[in-house]
Amino acid sequence: MPVESGSSAAARQAKQKRKSHSLSIRRTNSTEQDRSGLQRDMLEGQDSKLPLSLRSNLLDLFSQIEREFENLYIENIELRREIDTLNDRLAAEGHTFEGADLAKGALKTKASHSTSQLSQKLKTTYKASTSKIVSSFKATTSRAICQLVKEYVGHRDGIWDLSVTRTQPVVLGTASADHTAMLWSIETGKCLLKYMGHQGSVNSIKFHPTEQMALTASGDQTAHIWRYLVQLPTPQPVADISTPCEDDVDFSDKDEADGEVEGPNDCPSIRVATTTLRSHQGVVIAADWLVGGKQVVTASWDRAANLYDVETSELVHSLTGHDQELTHCCTHPTQRLVVTSSRDTTFRLWDFRDPSIHSVNVFQGHTDTVTSAVFTVGDNVVSGSDDRTVKVWDLKNMRSPIATIRTDSAVNRISVSANQKIIALPHDNRQVRLFDMSGVRLARLPRSNRQGHRRMVCCSAWCEDNATCNLFTCGFDRQAIGWNINIPALLQEK
């Protein structure tokens with residue numbers, strides 16, 4: 001009987017070990033059920049105060065984590081082999097160059113380029129896998145907190161701005177690039193009235209604090225004040241289409257029909273303004289009512305903000321000082337204060353509380369266009385910018401922000417809820433995120449191939465007193481969306 005030598009026996013054992021290892025990797029999926037079943041049996045025998053269903057759910061989640069990282073590990077091994085093969089090939093080719101310095105330089109350039117590509121592939125694979133894992137955890141704790149309730153469809157172009165009336169009946173107003181502004185029933189999503197008095201894009205809409213009057217700003221270099229009278233239709237039962245806040249299923253832009261949207265044909269219209277405010281030499285990008293509703297302020301691309309008397313439509317003050325076009329203006333809900341934002345990376349606070357002195361303060365907290373700055377009910381200003389940050393300021397000490405929120409996309413027209421002071425951030429990347437005043441992220445509104453915004457989100461507006469929808473957003477997908485945010489549950493999860 002032949003006897004194997006010691007070296008050949010060791011080689012055979014090593015070969016069998018490698019073979020068994022590769023077989024175990026290929027058989028991972030086939031043994032998952034047996035392994036999970038064994039783990040459940042082990043858990044049932046352990047003493048734990050957790051319910052069995054919860055423990056089973058945790059087991060499933062950890063099994064998913066194990067599978068994801070196992071796949072990453074296998075891909076990492078394959079990539080390392082590719083890197084080694086590439087390095088060997090480049091090293092062999094390097095000897096064919098004439099001159100040692102040239103060979104080393106070319107070899108280093110090729111190797112670094114190839115290695116960077118492989119490194120980027122590893123990072124992409126890792127981020128994609130771990131994001132799925134994180135989403136699976138968050139989705140279990142965020143159900144029914146953020147629900148899409150109603151979609152308001154009828155504009156023929158992107159919607160720049162939206163607002164909710166402060167008097168009865170409570171309706172939603174939208175301002176669109178299709179040269180119109182529309183009033184909507186919040187409960188039914190039906191268009192109640194269309195304003196067609198502007199000759200250019202309608203860039204903002206705000207409602208009078210006590211009367212049924214709307215203020216719109218337009219690209220035709222004017223601002224219009226117009227009265228409206230609407231009757232609310234009978235509300236229909238709202239279908240439950242709840243989605244977890246962290247639903248981040250992406251979709252292709254092909255999902256959206258690019259054809260013209262048929263507007264509401266039976267919607268009554270207004271074509272003549274009650275008051276027209278003229279004096280700007282450029283696009284009027286925003287407008288707002290001062291406290292009391294007797295004066296309005298407008299912001300324009302001519303680098304100025306104008307203060308008008310509503311009754312006489314006369315220009316009271318021209319607020320100059322910004323170095324570039326203005327992007328937004330906002331008034332304080334209880335005091336005669338105005339904040340203007342600009343492309344010059346600053347926002348300015350204008351104080352009209354003393355009739356004899358009109359003071360101004362300049363704040364330089366951003367590095368790119370300040371897209372909006374808004375007041376809270378208290379003594380804070382919140383500013384958003386194209387530099388992908390949002391900053392919270394204290395009016396009593398505005399030398400530096402008290403909180404900074406860093407995001408992954410430019411921020412557009414933000415809003416802050418009056419009661420709980422929750423900041424709603426609309427982004428260029430179609431996301432809407434909710435933060436508290438200290439900068440803690442509370443939620444991300446659902447966006448999937450079935451619901452949510454399909455283009456840049458331009459504006460957000462809170463209406464906490466409405467039982468159906470307490471947050472509204474609009475974007476360049478030509479629709480406004482009404483959301484129901486369970487604020488107590490949202491704050492409890494924080």
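The following legends describe an overall view and several close-up views of a predicted protein model.

**Figure 1. Overall view of the predicted model.** The protein has 494 residues, of which 47% count as buried. Its secondary structure comprises 5 helices and 29 strands. Among contacts in the protein with a separation of 6 or more, 53% join residues that lie 24 or more positions apart. The exposed surface amounts to about 25,600 Å², and carbon and sulfur atoms contribute 50% of this area.

**Figure 2. Close-up of the open sheet formed by S1, S29, S28 and S27.** The 4 strands follow one another in the order S1-S29-S28-S27, and their pairing is antiparallel. Strand S1 (146–153) and S27 form the edges, each pairing on one side only. On average, neighbouring strands of this sheet are turned by 20° against each other, direction ignored. Within the sheet, S28 and S29 run antiparallel and are joined by 4 bridges. Cys474 stands opposite Ala480, a residue of S29.

**Figure 3. Close-up of Val457 and its surroundings.** Val457 belongs to strand S27 (residues 457–462), which is an edge strand of the sheet shown in Figure 2. With a relative accessible area of 0%, Val457 is buried, because the cut-off for this class is under 20%. Beyond its neighbours within four places in sequence, Val457 is in contact with Asn412, Pro426, His427, Arg430, Gln431, Val432, Thr473, Cys474 and Gly475. One of these partners, Cys474, is the residue that stands opposite Ala480 in S29. The C-alpha atoms of Val457 and Asn429 are separated by 7.6 Å, although the two residues are 28 residues apart along the chain.

**Figure 4. Close-up of two arginines with positive phi, Arg430 and Arg478.** Arg430 lies in the loop between strand S24 (423–426) and strand S25 (432–435). Its phi is near 80°, a positive value in a residue other than glycine. Arg430 is also one of the residues in contact with Val457. At 18% relative accessibility, Arg430 counts as buried. Arg478 is placed in the loop between strand S28 (471–475) and strand S29 (479–485), and its phi, near 70°, is likewise positive in a residue other than glycine. Arg478 has a relative accessible area of 17% and is buried.

**Figure 5. Close-up of the cis peptide bond between Gln168 and Pro169.** The bond from Gln168 to Pro169 is cis, with omega near -5°. Pro169 is located in the loop that lies between strand S2 (159–164) and strand S3 (172–176).

**Figure 6. Close-up of the cysteines Cys329 and Cys330.** A disulfide is a covalent bond between the sulfur atoms of two cysteines. The closest cysteine sulfur to that of Cys329 is in Cys330, at 7.7 Å, which is too far for a bond, because a disulfide requires the sulfur atoms to be within 2.5 Å. By this rule, the count for the model comes to 0 disulfides. Cys329 is buried, with a relative accessible area of 2%. Cys191 is buried as well, with a relative accessible area of 6%.

Key. Residues are numbered from 1 along each chain as its sequence is written. This is a predicted model: local features need pLDDT of at least 70, side-chain atom pairs count only at pLDDT 80 or more; totals for chains, interfaces and linings use all residues. Side-chain values use heavy atoms; hydrogens and water are left out. Buried means under 20% relative accessible area, exposed over 50%, partly exposed in between (1.4 Å probe, protein chains only). Contact means heavy atoms within 4.5 Å. Accessible areas come from the Shrake-Rupley method with a 1.4 Å probe; for residues, only the protein chains shown count as cover. Two strands pair if DSSP finds at least two bridges between them. Axes are lines fitted to C-alpha atoms, for helices over the stretch in contact, and angles run from 0 to 180 degrees between N-to-C directions.
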